[in-house]
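Visitor: I would like a close look at a single part of this model. Please pick one stretch and walk me through it slowly, together with what lies around it.

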Amino acid sequence: MGKSKQVGKHSKGKKKNISKTWKTKRRTKDLDQIHADMIPVNAVKLLKQDVDYDVTGCAQHYCLHCARYFVNLKTLKEHFKSKPHKKRLKKLKEEPYTQAEAERAAGMGSYIPPKTVEVHTQQVEEDMD
Ligand SMILES: [Zn+2]
């Protein structure tokens, strides 16, 4: 017997349940935390993690920008093409809000608008089995 593939959600067309977005159990990282993760030194650590059997996909397939683990390379690649991931990249383009920026906006020092950073999807190994 082959595995059945789930297509779509049961909640299709219905309004999104907001209680889910505020639950802390499955809460992912905040954008500023992800900005910290995007620093190459930290990114390498996250992308090359030790095998952890308690984590989805043994912690081998991680999307840096969404702070999510995936079962295998195929699902990770599919995720890169998905809407939530692209939305996330867009959000991450803007630099995180800092105290320095707040002070500049308040008239202390010269105001420099927040820089936009180029965010690209991480590279994945092309070998698929
Ligand atoms: Zn992602």
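Guide: Let's begin with contacts across the whole chain. Among the contacts in the protein chain with a separation of 6 or more, 36% join residues that are 24 or more positions apart. Please keep in mind that this is a predicted model. The protein chain has 129 residues, and 6% of them are buried. It holds six helices and two strands, and along the sequence they follow the pattern α-α-α-β-β-α-α-α.

The part I would pick is residues 63-85. In an unreviewed entry, UniProt places the feature "domain: C2H2-type" on this span. Helix takes up 48% of the span and strand 13%, while the C-alpha atoms at its two ends lie 9 Å apart.

Now to Cys63, the residue where the annotated span begins. Cys63 sits in strand β1. It counts as buried because 23 C-beta neighbours lie inside 10 Å, and the cut-off for that label is 20 or more. Which residues does Cys63 touch, once its neighbours within four places in sequence are left aside? They are Arg68, Phe70, Leu76, His79 and His85. The last of these, His85, is also where the annotated span ends. For Leu76 there is a distance as well: its C-alpha atom is 7.2 Å from that of Cys63, though the two are 13 residues apart along the chain.

Two residues with an unusual backbone angle to look at come next. Ala67 belongs to the loop between β1 and β2, with β2 covering 68-69. Its phi is near 55°, a positive value in a residue other than glycine. Ala67 counts as partly exposed because it has 17 C-beta neighbours inside 10 Å. Just before the annotated span, Cys58 lies in the loop that runs from α3 (40-47) to β1 (62-63). Phi of Cys58 is near 55° and therefore positive, again in a residue other than glycine. With 15 C-beta neighbours inside 10 Å, Cys58 is partly exposed.

From here we can look at a residue from outside the span that pairs with one inside it. His35 is in helix α2, residues 31-37. The C-alpha atoms of His35 and Leu64 are separated by 9.5 Å, with their positions 29 residues apart along the chain. His35 is partly exposed because 18 other C-beta atoms lie within 10 Å.

One more pair links α2 with a later loop. Glu95 is in the loop between α5 (83-92) and α6 (99-105). Its C-alpha atom is 9.6 Å from that of Leu31, although the two residues are 64 places apart along the chain. Glu95 is partly exposed, with 14 C-beta neighbours inside 10 Å.

To pull the picture together, return to Cys63: it is buried, and it is in contact with residues including Leu76 and His85. Ala67, in the loop that follows β1, is partly exposed instead.

Notes:
Residues numbered from 1 in each chain as written. Predicted model: local features only at pLDDT ≥ 70, side-chain atom pairs only at ≥ 80, totals over all residues. UniProt positions renumbered as here; feature names shortened; annotations may be inferred. Helix = DSSP H or I, 4+ residues; strand = E, 2+ residues; numbered from the N terminus. Buried ≥ 20, exposed ≤ 12 C-beta atoms within 10 Å, placed from the backbone. Contact = placed C-beta atoms within 7 Å.
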